[in-house]
Amino acid sequence: MTSCLPTRLRDGELAVDTRGITKRFGDQVALNDVTLQVPTGAVYLLVGPNGAGKSTTLKVLLDLVRAEKGTAEVFGLDTRERAPEVRANIGYVPERPDWGYGWMRVGRLLEHHALYYPTWDPNYAARLAQKFELRLDRKMGVLSKGQARRVHLTMALAHRPPLLLLDEPTDGLDPFMRDETLGVIADHLAESPTTVVLSTHHVEEVEGLADHIGVLRNGELRAQMSRDDLNANLRRYRVEVPDGWSGVAALNGTVLRRVAAPREVQWTVWGPEAEIVQKLSGSGGTVREVVPLSLIDATLALLNPND
Amino acid sequence: MLISLDPQDTRPIYIQIVDEVRRALVLGTLAPDGPLPSVRDLAVKLRVNPNTVSQAYRELERQGMVYVRRGQGTYASPGQTDGTERRTLAEGVAQRALHDARRNGLGVDELIDAIRNYNRQRKHEESL
Amino acid sequence: MTSTSLHPTPSSRTVATEQFRAVGLALRTEMILFICALILFSALIIGNTIHGVQTHPPEHWRTGFTYGAPVATPLFLMALLIPFGVWRAEDPSRRAYHWSMPVARGPHTIAKVFAGWAWLMIAAAVYLLFVVALALILPTITGEVSRFGDAAVWEWIVAFTAPTLGYLLTSIAVIGSDHAWRWVGGLYIGYWVLIGCLFAFGMQDAAQAVRTITDGAYGLNAAMIGAGRDAASVSSAHMMVRGLSMSNWLIAMPLWLVGSGIAVTIASYRHRE
């Protein structure tokens, strides 16, 4: 049933184009035939439970991890054959907090990083350092997770890369800094055309930023679509049903959730609204409510469908 | 003019922004020929994709509520005297109310009666 | 996104220079310790010589040391430890930052190895400066002529090749493994345990055969300072006294250097995750 969810985007220029990426760690399958498609300029939210393969997918793009099968391209460049050129165009915030040299001071590390990226903007870096309240004289190794995360964000953003790969960018940050980070990202997007792929557990935070979503589960890409598509097709239907209701034969779409109570059934369905309402009404029920879902609710439904 | 988004609102964000601007126009917090925040400023303030704000501004322009001054920004259109926006707002409120009513199994007439009764009661309490 | 608007990778020169500076920063503590040790030892030697001159008759005066290839041995030992400083807190499981830079991984690792080596050579030069200074100062105390004219040219070159070899050898382990200490320590201990066992079980010939790795004509000691056990030829009385052989060194040193260089390169280019 869930195979009816869209997993391929319509044609368009892709910043990230992976085809059938398969990766094993020992006998564990981390990624299974993943075809990730991120249009240029998109803000793509990659969701999935821990261990779903989100971080691994990002690492394949950086050639930190090599897939056994499949190809990956970033801006048309093969991530393996032309890895240095690909990496020159990526700003990466990793999941791990120990990134950079632990013995180096923050200010020195930013200098070090700047030399590797000729497009580094020192004024922007200084503004970010101020915004994130970075202590330039502290050694990287003694920073807390949140403080380190803010340094990583500065490192990733200051050279204005065409592609940002953000793996849990607000992890470890207090609520104020989390909010500030979202503002920084919005500002960054307004200033420079950027494609963003981000994974986060705080889905509600990116409600306003994300315009594409990809759902990873157990190494498989269950669904991939634009927010417009999601908004147009995913609905929750609340139907009042009479006693002894016989149910509805088949709905024109993919049923993700179905919750039944006496006299009321709630469906979360991906499919054409008009036809579904017709089917539901036709079966004897009264459709009380048809609503689109918030991003977080949509994510939960896509991640954990039940019949 | 203050624009804020309701996290519970599941409509597309650009539609929410359009509604917020409409509300500001009707309430007068956005004066005719008054400036709207730049796309960038609003995107940062709302923590929203700048493309979404652009989309909202384009829609506002299409509906005639705002106009763009080359190189200077977006401004509210000069006085709307025909009450179009008021009616649109009212329509929006009605839509939400009816949706809520339907959800609770209430009919249109029941809703209208309840509104009238409640309003009468409130007026009575205020005059006391 | 057209290719013309893609961002460029950094130039090799920028990378090499920055690696040199960054590794210098990483080794700062080690360098300070090194300089302090040199100053301390120099002071001790001078002090000891002065004391000797004041308390003993001239026949017993010694300058403390004369220059010869074995003087490079402390440099070799120090060089064994330097890679741990160069790759501080970066065992391969934590090397992702280094690998994520917009530089090909193999060459980038080599660049870091090279940077560490450059600092090592500076240290060797400083070491030699101290040696020469001492050799010039001590005779003024004892009245004797400096004794480093005896050393052949190759014995001076050893001061640079010996630490290079030590550096490369340990670098193989540090680059290739998460547990470099285990490899280095394990190999060293295992080597002597093996020889000891072979001797203990009466397999003298086998033991001697294994021992040629360090002590043979072209073994590690020969590559380091020309001190192979079976000196193929001895070209001066001075070297016969020390058991040094230049011809052994001329073969052993390039052999070991090239071999360890290849191993370092293989370790650097190997893909790890």
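In chain A, the centres of domain 1 and domain 2 sit 35 Å apart, going by their C-alpha atoms. Keep in mind that this is a predicted model. Here's a quick tour of how chain A is put together, plus a look at one helix in chain B.

**The two domains of chain A**
- Domain 1 covers residues 2-228, and domain 2 takes in 232-303.
- Where they touch, 15 residues of domain 1 of chain A are in contact with 9 residues of domain 2 of chain A.
- On the domain 1 side of that meeting point, the elements giving two or more residues are β10 (212-217) and β11 (220-226) of chain A.
- That side of domain 1 of chain A is a mix of 8 nonpolar, 2 polar and 5 charged residues.

**Chain A as a whole**
- Chain A has 307 residues, and 49% of them count as buried.
- You'll find 9 helices and 15 strands in chain A.
- Measuring along the principal axes, the C-alpha atoms of chain A fill a box of roughly 70 × 40 × 35 Å.
- Take the contacts in chain A between residues at least 6 apart in sequence: 72% of these join residues at least 24 apart.

**Helix α5 of chain B**
- Helix α5 of chain B runs over residues 108-127, which is 20 residues.
- At 1.5 Å a residue, α5 of chain B should span 28 Å, and its end C-alpha atoms are 29 Å apart, so the two values agree.
- None of the 20 residues of α5(B) is buried, so this helix lies largely in the open.

Note on methods
Residues are numbered from 1 along each chain as its sequence is written. Chains are lettered from A and ligands numbered from 1 in the order in which they are written. This is a predicted model: local features need pLDDT of at least 70, side-chain atom pairs count only at pLDDT 80 or more; totals for chains, interfaces and linings use all residues. Helices (H or I, at least four residues) and strands (E, at least two) are DSSP runs, numbered from the N terminus. The expected span of a helix is 1.5 Å times one less than its number of residues. A residue is buried if 20 or more other C-beta atoms lie within 10 Å of its own, exposed if 12 or fewer, and partly exposed in between; C-beta atoms are placed from the backbone. Two residues are in contact if their C-beta atoms, placed from the backbone, lie within 7 Å. Domain bounds come from an automatic or database domain assignment. Ala, Val, Leu, Ile, Met, Phe, Trp, Tyr, Cys and Pro count as nonpolar, Asp, Glu, Lys and Arg as charged, and the others, Gly among them, as polar.
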